[in-house]
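Visitor: I would like a close look at one part of this molecule. Please show me its nonpolar core and what surrounds that part.

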Amino acid sequence: ILELLGKTPAREDLARRLDQQYDQELLEIAMDQIRARIAPQTWRAFELLALQDLPGTEAARLTGMNVASAFAARSKVQRLVREEVDRLRARDGWR
């Protein structure tokens, strides 16, 4: 294994994989923190639209919101998650 890590492509691949794993962990932490801070209906709209890729009419029906409110909720949560990821990165001194 050490021999492989000495080779540039192997090092680059490992670094890329570690970065991806770090990004995924940050995203999960940020999403958990945001989920705990917002209304369940708002989170559900985000989950249905952004994560499950449902049509707006279906997400609205399932959340009891109108379509515009469901999309506004998705945008709000996306912004909050992005801000939280940035905050976590800054705290850790990454990128």
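Guide: What follows goes from the core outward to the charged pairs. This is a predicted model, in which local features need pLDDT of at least 70 and side-chain atom pairs count only at pLDDT 80 or more, while totals for chains, interfaces and linings use all residues. Residues are numbered from 1 along each chain as its sequence is written, and side-chain values use heavy atoms, with hydrogens and water left out.

Start with the core. A nonpolar core is a set of buried Ala, Val, Leu, Ile, Met, Phe, Trp, Tyr and Cys residues joined through side-chain atoms within 4.5 Å. Buried means under 20% relative accessible area, exposed means over 50%, and partly exposed lies in between (1.4 Å probe, protein chains only). The largest nonpolar core here has 13 residues. Ile34, Ile38, Trp43, Val77 and Val81 have the most contacts inside it. Three helices, α2 (8-37), α3 (40-51) and α5 (67-92), each supply at least two residues of this core. Helices (H or I, at least four residues) and strands (E, at least two) are DSSP runs, numbered from the N terminus. Another core, of 7 residues, lies apart from the largest one. Leu48, Leu49, Ala70 and Ala73 are among its members.

Now look at Val77. Contact means heavy atoms within 4.5 Å. Not counting residues up to four places away in sequence, Val77 touches Ile34, Ile38, Thr42, Trp43 and Phe46. Take Thr42 from that list. Thr42 sits in helix α3. Its relative accessible area is 13%, so Thr42 is buried. Besides Val77, Thr42 is in contact with Met65 and Ala73, again leaving aside neighbours within four places in sequence.

Trp43 and Phe46 come next. The structure holds 1 aromatic pair. Rings of Phe, Tyr and Trp (its six-membered ring) pair if their centres lie within 6.5 Å; planes under 30 degrees apart count as stacked, over 60 as edge-to-face and the rest as tilted. The ring centres of Trp43 and Phe46 are 4.9 Å apart and their planes are at 55°, so this pair is tilted. Both residues lie in helix α3, 3 residues apart, about one turn of the helix. Trp43 is buried, with a relative accessible area of 6%. Phe46 is buried too, at 5% relative accessibility.

Follow helix α5 to Leu88. Leu88 has 1% relative accessibility, so it counts as buried. Not counting residues up to four places away in sequence, Leu88 touches Tyr22, Leu26, Ile29, Ala30 and Gln33.

Last, the charged pairs. A salt bridge is a side-chain nitrogen of Lys or Arg within 4 Å of a carboxyl oxygen of Asp or Glu. The structure holds 10 salt bridges. One of them joins the side chains of Arg89 and Asp23 (2.9 Å, N to O). This pair links distant parts of the chain, with Arg89 in helix α5, Asp23 in helix α2, and the two positions 66 residues apart. Arg89 is buried, with a relative accessible area of 16%. Asp23 is partly exposed, at 25%.

Other bridges stay within one helix. Asp32 and Arg35 meet in a salt bridge (3.1 Å, N to O), and both lie in helix α2. Glu58 and Arg61 form another, with the closest N and O atoms 2.6 Å apart. Both lie in helix α4 (residues 56-63). Glu58 is partly exposed at 27%, whereas Arg61 is exposed at 55%.
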